[in-house]
Amino acid sequence: MSEVQLILLFIVAAITGMASVLDEAQFHRPIIACTLTGMVLGDTTTGVILGGTLEMMALGWMNVGAAMAPDAALASVVSAILVIVGHQSIGAGIALAVPLAAAGQVLTIFVRTITVFFQHLADKYADEGNTRGIELCHLAGLILQALRVALPAVAIAMVAGTDTVNNALNSIPEVITRGLQVAGGFIVVVGYAMVINLMNAQKLMVYFFLGFLIAVFTDVNLIGFGAIGAICAYFHIKDMQKDIAIQEAAMTGGGGGGGADDDIDDSDLM
Amino acid sequence: MEEKKVTKNDLFWTFIRSNFLLGSFNFERMQSIGFCVSMIPILKRIYKGDELKAALKRHLEFFNTQPFVAAAIMGIIGAMEEKRANGADISPATLSGVKVGLIGPLAGVGDPIFWGTIRPVLAALGAGIALTGSLIGPLIFFVAFNAIRLATHWYGVQYGYSKGTQLVENIGGNEMHFLTEGASVLGLLVMGALVAKWTSVNMPLVISEYDNAMGEHVVTTLQTIFDSLMPSIVPLLMTFACMKLLKAGMNPLLVIIGLFALGIIGYAIGLFA
């Protein structure tokens, strides 16, 4: 691998590391991170395909509340390096991505813990009215997140493809790699469970089952589900408005349920 | 006294900085530095000296919400700080109260819409195309998601600032409640679909084998039984098990490691393939 490639790889990995904590532009998602890594390493097509495959597996990896998703950034960049430079199969890349995501999560937990130090430094700068100081504390946290992906990625890129690494990868028993691939098929449920718990509404679970049943017995795609979901949400809100109108009508004692319905202004909805 | 006024330029820089809200996320006060840094253009415009120090301090308080909807909170707090700088009777306690009060409800709307619906839908769309090796897949996901995201940030800051405290009164009202439940309905329906379609479990464990009357060899595996009863029932049960474990306070990382172990052991004993 050329020096230019190593430098570009460092930059791409740093961007994905920053994106993984920011969760804004989504450079850390496999579909983007693997594509960019593939471009740098001179095999965009493999990067795109690996990215698409990993993305399907990672659809449910999301940061909600204080909980953290498995780390897509390190998993995507490093598995793309091992597949492209180390000539591993896409299947091996997927199997490797899973433990890498767990390792990346440990690293980000570590960084998020040491960033507490910058939090206290920021307090000190606030006392001094030093806005630039607070901005630098913010930047420092972000840079640590960039390095926690960029450094391991470059280190692995320098040894990937060598006999030692290939032998090490090939010496992993098949039961482990195939087992991880199998787990990759259902590891997403943790993410789904986190989001469902967050919405935490027993009475709304009927919509979850509706989505499940439609998916099992039809060929509707996800855009279709978005549309069906929006329509269900519309009727659900209508229903809530009706209930409230009836309650209010009952409280004032006057009017009927039917009359109250007409007072609802749909334009208030959105 | 001259009236202190936040400029369009200040709001623009708050919008830019809001894109880096989580940069220094830490386990003590989470997005607090990011929030403070996003507010700096506004705070520097309206406060000087000790007042600025106090304002910086109060925006280094705990903050954590869905990052895109946070922009609206920045706009609202900006409008309130501006009023306070001009002598309105808004105490620091009120400001904190509004901020903390908005975190939960806005995350309640933002999480199901952005993480639960828009991102998985666009990512699955993009990934489907990417599997063919086409660059259009990643591009569609990236462009569409970021267009929606940037619009949310931009209008969040602008709308939050222009409506200011007016919006806060609505948060406790019915509309916010409608929006949260509506977002949850949408999110849950999509989650149901994702559990069914975007998971893969194959259980090739052979239950029975025989040659039928036509002389064909018929193999019944665990998977064919599940498929004839209710396909995807296994991922559904796994989802429920994870929900239970997470509710009981188990660390998500531990749940994930547990599923790895299940995959490896399951493959080893021939339950999964």
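What follows is a short chat about a predicted two-chain model.

Modeller: Quick ground rules: residues are numbered from 1 along each chain as its sequence is written, while chains are lettered from A and ligands numbered from 1 in the order in which they are written. The model is predicted, so local features need pLDDT of at least 70 and side-chain atom pairs count only at pLDDT 80 or more, whereas totals for chains, interfaces and linings use all residues.

Colleague: Which helix of chain B has the highest confidence?

Modeller: Confidence here is pLDDT, the predictor's score for each residue from 0 to 100, and chain B has a mean of 90, with 98% of its residues at 70 or more. Helices are DSSP runs of H or I with at least four residues, strands are runs of E with at least two, and both are numbered from the N terminus. The low end in chain B is helix H7 (residues 165-171), at a mean of 70, and the high end, at 97, is helix H1 (residues 8-18) of chain B.

Colleague: And which element of chain A has the lowest mean pLDDT?

Modeller: Chain A averages 88, with 93% of the residues scoring at least 70. Helix H2 (residues 30-41) of chain A is the highest at 97, while the lowest mean, 44, belongs to helix H12 (residues 257-261) of chain A. The pLDDT is below 50 over residues 255-270 of chain A, although this stretch has 17 contacts in the model beyond near neighbours in sequence. Where pLDDT is low, the predicted coordinates should not be read in detail; the element you asked for is H12 of chain A.

Colleague: How many nonpolar residues are on the side of chain A that touches chain B?

Modeller: A contact needs two C-beta atoms, placed from the backbone, within 7 Å, and this one takes 95 residues from chain A and 98 residues from chain B. Ala, Val, Leu, Ile, Met, Phe, Trp, Tyr, Cys and Pro count as nonpolar, Asp, Glu, Lys and Arg as charged, and the others, Gly among them, as polar. On the chain A side there are 23 polar and 10 charged residues, and the nonpolar ones number 62.

Colleague: Which helix gives the most to the largest nonpolar core?

Modeller: Such a core is a set of buried Ala, Val, Leu, Ile, Met, Phe, Trp, Tyr and Cys residues joined through C-beta atoms within 7 Å. This one has 171 residues, and Val77(A), Ile81(A), Ala153(A), Val195(A) and Leu189(B) touch the most other members. The top giver, with 15 residues, is helix H5 (residues 92-130) of chain B.

Colleague: Why does that core lie between domain 1 and domain 2 of chain A?

Modeller: The bounds come from an automatic or database domain assignment. The core lies between them because both give residues to it: domain 1 (3-199) and domain 2 (201-270) of chain A.

Colleague: Is Gln26(A) buried or exposed?

Modeller: Gln26(A) sits in the loop between helix H1 (3-22) and H2 of chain A, and its phi is positive, about 75°, although it is not a glycine. Buried means 20 or more other C-beta atoms within 10 Å of a residue's own, exposed means 12 or fewer, and partly exposed is in between, with C-beta atoms placed from the backbone. Gln26(A) has 23 such atoms, so it is buried.

Colleague: Where is Ser232(B) found?

Modeller: Ser232(B) has a positive phi too, near 65°. With 21 other C-beta atoms within 10 Å, Ser232(B) is buried. Its place is the loop between helix H9 (222-229) and helix H10 (233-247) of chain B.

Colleague: What distance separates the C-alpha atoms of Val255(B) and Cys242(B)?

Modeller: Val255(B) belongs to helix H11 (residues 252-268) of chain B and is partly exposed, with 18 other C-beta atoms within 10 Å. Beyond four places in sequence, its contacts include Val190(A) and Cys242(B). Val255(B) and Cys242(B) are 13 residues apart along the chain, and their C-alpha atoms are separated by 7.1 Å.

Colleague: How many residues of H4(B) are buried?

Modeller: Helix H4 (residues 70-85) of chain B has 16 residues and reaches 22 Å between its end C-alpha atoms, close to the 22 Å expected, where the expected span is 1.5 Å times one less than the number of residues. Just after H4(B), Gly87(B) takes a positive phi of about 95°. The helix is mostly covered, and of its 16 residues the buried ones number 15.
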